[in-house]
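I opened the notebook to record what I looked up in this model, entry by entry. The topics are salt bridges, burial, cavities and the surface.

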Amino acid sequence: MTATSTPEATEPEVNPAAPRRRTFGLAAATALVMGNIIGGGIFALPAAVAPYGTVSLLAFGILSVAAVLLALLFGRLARRSPVTGGLYVYPRDAFGEFAGFLSAWSYWTMCWVSIAALATAVVGYVDVLIPLHGNHALEAVVALAALWLPAAANFAGTRWVGTVQVVSTVLKFVPLLLVAGIGLFFVDADNFGPFNASGGSTTGAVAAAAALLLYSFLGVESAAVSAGEVEDPERNVGRASVFGTLASALVYILGTVAVFGLVPHDRLVDSGAPFADAVNAITGGTWGGTVIALVAVASITGCLNGWILLAAQMPYAAARDGLFPAPFAKVGKGGVPGFGVWAVAVLGTILIALNYTAGPDTTFRVLVLITTFTGCVPYLLSAAAQLYWLARGTRERVRPAGLVRDLIVAALSFAFSFWLIAGAGYAAVYQGVLFLFAGIPVYVWLRGRRETTKTLTQETQETQGT
């Protein structure tokens, strides 16, 4: 890649004579965003937030607006730095290498933990299609297959990743939108139940529901992280981020409204497959569970396909700057950082094995709760980077209207990210900070080795010069 991220800091070329090809058009980049936002969560979210009542729809609306603001933020930042690793590059260019490393480390942690969680989520839907009878060994095999098949697609190259992402996104998006659209004609107002069923204040109910929904919008940054693979990233990253986020929000809100109106509230609270129950209410049959299970498997597989790519590209960008171990910077023939794919697949395998050997209430679930915190740290730092550049006022000449717009987007994105971190809960924030700081020794070691190498090189040059 030859694009520069800032006049002061450029993305170094590994091989300038053979620049990497950009293989994601607007459609593939939009599908990447949608595919990573809409994973397996949409199939369980209506039941998860049902205990709070229809106030959950208000929380969905707030989160949707905030996600679009983040999409606009990443689009603006991508105009400055149209390179792979966006959420690492933005803090690095604004605040230095340590901020960039913390952002990359935090995001990478969120990615590989989320990948393991998504692979495990496939098991429940496969069990609908092929009963596993609670056999933990079979469940582990299914989860591992769900992890390694998308990893294989990544090894085949970014072109295959884009193709798989488009196909899997269509397979899940169209059926979900049809259910949401058709279901609205069968809605019974009596099924919605109370507006606030939590027993507490409306503000508290919105915050509690939002805390459960935070994870559902992670992925809005997908096009920015993969900007080096996107054609015309200065324009397409922002467009793909906004289009993908708006489409995902539409599916989320319409789908949740339809399910709330099709399934009685007292049944929805205890439902294990709310969309299947909604389809059964529409058709009067029992085949909905099978169809939704098939859609869910396709949805989660596509989501894994995109997240594995992101999990490899973030450390790739940092490794090129010497802020991640060198093997992460190696790119295979297909244009994918192969070592990064191997790393997340192996780490995900370890977490899956832990989940099925130590039981459900283990460290694995604790780490899943931390993903919201670790995912929001790069959001916060990226918003802060944009505020920094706007405050400096030396990057470019801007029109007053454009400056005001960018300030509002950046400030609200920062506030939203801060709210998300707070909403993750005290335990998740505390444990997430410890997990984040665990990366500091890695940074110290890499920085020290690089400085030593630089010193030795300078001494050698001085010796040869004399």
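**Salt bridges**

I began with E97 and R447, which form a salt bridge whose closest N and O atoms are 3.5 Å apart; the term stands for a side-chain nitrogen of Lys or Arg within 4 Å of a carboxyl oxygen of Asp or Glu. E97 lies in helix α5 (residues 97-129) and R447 in helix α18 (residues 440-465), so this pair ties together parts that are 350 residues apart in sequence. Helices here are DSSP runs of H or I with at least four residues, numbered from the N terminus. I looked up the exposure of each partner: E97 is partly exposed, with a relative accessible area of 25%, and R447 is partly exposed too, at 31%. For these classes, buried means under 20% relative accessible area, exposed over 50%, and partly exposed in between, with a 1.4 Å probe and protein chains only.

I note for all entries that this is a predicted model, in which local features need pLDDT of at least 70 and side-chain atom pairs count only at pLDDT 80 or more, while totals for chains, interfaces and linings use all residues. Residues are numbered from 1 along each chain as its sequence is written, and side-chain values use heavy atoms, with hydrogens and water left out.

How many salt bridges does the structure hold? I find four. In one of them, the side chains of D406 and R76 meet at 3.4 Å, N to O. D406 belongs to helix α16 (residues 400-423) and R76 to helix α3 (residues 55-80), so the pair links parts that are 330 residues apart in sequence. Is D406 buried or exposed? D406 is buried, with a relative accessible area of 5%, whereas R76 is partly exposed, with 26%.

I also wrote down the salt bridge of D93 with R92, where the closest N and O atoms are 2.9 Å apart. Both of these residues, D93 and R92, are buried.

**Helices α4 and α12**

The pair D93 and R92 led me to helix α4, where the list of buried residues is G86, L87, Y88, V89, Y90, P91, R92, D93 and A94. Why is α4 described as largely enclosed by the rest of the structure? Nine of the ten residues of this helix (residues 86-95) are buried, so it is largely enclosed. Just after α4, I noted that G96 takes a positive phi of about 110 degrees.

I then turned to helix α12 (residues 274-283), whose buried residues are P274, F275, A276, A278 and V279. This helix is followed by G284, for which phi is positive, near 75 degrees.

**Cavities**

I looked next for enclosed space, and the structure holds three cavities of 30 Å³ or more. A cavity is a set of points, on a 1 Å grid over the protein atoms alone, where a 1.4 Å probe fits but cannot get out, and its lining residues have an atom within 4 Å of a point. About 60 Å³ of space lies in the largest cavity, a volume being the space filled by probe spheres set on the grid points.

Which residues line the largest cavity? I listed L63, A67, L70, L214, F217, L218, V220, Y379, F416 and L420. By class, this lining has ten nonpolar, no polar and no charged residues. Helices α3 and α16 each supply at least two residues of it, and the largest share, three residues, comes from α3.

**Contacts of I253 and a surface patch**

F60 is found in helix α3 and, at 0% relative accessibility, counts as buried. The C-alpha atoms of F60 and I253 are separated by 6.7 Å, although the two residues are 193 residues apart along the chain. I253 also came up with A180, 73 residues away along the chain, for a C-alpha separation of 8.7 Å. A180 is found in helix α7 and counts as buried at 0% relative accessibility.

My last entry is a nonpolar surface patch of about 540 Å², made by L178, I182, L184, F185 and F186. Patch members have over 30% relative accessible area and no salt bridge, nonpolar side chains (Val, Leu, Ile, Met, Phe, Trp, Tyr) being joined within 5 Å and like charges within 9 Å. One of the patch residues, I182, is placed in helix α7 (residues 158-183) and is partly exposed, with a relative accessible area of 43%.

How values were computed. Areas by Shrake-Rupley, 256 points an atom, 1.4 Å probe, with all protein chains shown as cover. 1 Å grid on protein atoms, 1.4 Å probe; cavity = no way out; pocket = protein on both sides within 12 Å on 5 of 7 lines; lining within 4 Å. Nonpolar A, V, L, I, M, F, W, Y, C, P; charged D, E, K, R; others polar.
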